[in-house]
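Reader: Hey, I'm new to reading protein structures. Could you walk me through this one?

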Amino acid sequence: MKKLFLLQVLACAGVGVIGHELGFAWWQLALFAWVPIFIGGHVWFWWFRNVYFFRDPKRRLTQGDDLLVSPADGRVMYVCPVSADAVVSDKKGRKITIHELAKTDVGNAPGWLVGIYMTPFDVHFNRAPMAGEIRTVHYHRTGVNLPMVDLWEYVNFTLFRRAVDLFSAPFHLENERMTMHVRNGSRSCFLILIADQFVNKITRSFQEAQVVKQGDKISFIERGSQTDIFIPHQDVTFAIRPGQQVYAGKTVIAKFNQPGGAV
């Protein structure tokens, strides 16, 4: 809201300077420019927060027993190898365990960690990356959520489409989150939904031990947020790269190279 107000003030100032140079009276600028800018901005903001943000467009899903599809719309921030239950942070130069991220037991198998950042402009329904049974759900609450990105990082991956390494940032280890485990025979994955600063609700749409199909909607997380997916398998071939835009239930993240069982 503060950013919207600042943009409105800047827009009014610009219109005021131009209008004054063109000879418009101050009351004309106020009535035909400044008032519409403020009213229009607040109407747009209400529509964006209460209508557009909750959109659920129809989507042609990608399905395949050996495929892992994206659980979220957003931009891939990193694809990191996991060894001995830990990921080495390029920023901090220390090992961070998957347990620290998930806030629950995820086993000790080596594998991969993929981070997907969801901006407020992305669809915020999360979908099952694979068919299987949801075995474990853990909800970690915290006092105050930290902001995920600063302005320059946000501009980098939204406007310039550059990858920004958010791994091991303070929010990554402290903010509210929900962790779920999807298992299908010998294959499995863990989803870690991480809340942003102003998020006050992570809603799930399934019951524990429920069997879901690949691409089924399983949760909704408000405002800008992040979804990490831990794949406890080393023998996978990735189809995405850092900086790439992905879509839940549609974009293939990786392909399992070893055969797996069924639920």
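Author: Sure. This is a predicted model, where local features need pLDDT of at least 70 and side-chain atom pairs count only at pLDDT 80 or more, while totals for chains, interfaces and linings use all residues. Residues are numbered from 1 along each chain as its sequence is written, and side-chain values use heavy atoms, leaving out hydrogens and water.

Reader: Cool. How many helices and strands are there in the protein?

Author: The protein has 5 helices and 16 strands. Both are DSSP runs numbered from the N terminus: helices are H or I with at least four residues, strands E with at least two.

Reader: What does strand 14 pair with?

Author: Strand 14 (residues 236-238) pairs with strand 16 in the antiparallel sense, over 3 bridges. Pairing takes at least two bridges found by DSSP. Phenylalanine 238 has alanine 254 of strand 16 as its bridge partner.

Reader: And which strand does strand 1 pair with?

Author: Strand 1 (residues 67-69) also pairs with strand 16 (residues 252-256), antiparallel and over 3 bridges. There, valine 69 is bridged to valine 252.

Reader: Switching topic: how much of the protein is buried?

Author: Of its 263 residues, 46% count as buried. Buried means under 20% relative accessible area, exposed over 50%, and partly exposed in between, with a 1.4 Å probe and protein chains only.

Reader: So is tryptophan 44 buried or partly exposed?

Author: Tryptophan 44 is partly exposed, because its relative accessible area is 40%. Tryptophan 44 sits in helix 2 (residues 26-50).

Reader: What about contacts?

Author: Among contacts with a separation of 6 or more, 78% come from residues 24 or more positions apart. A contact means heavy atoms within 4.5 Å.
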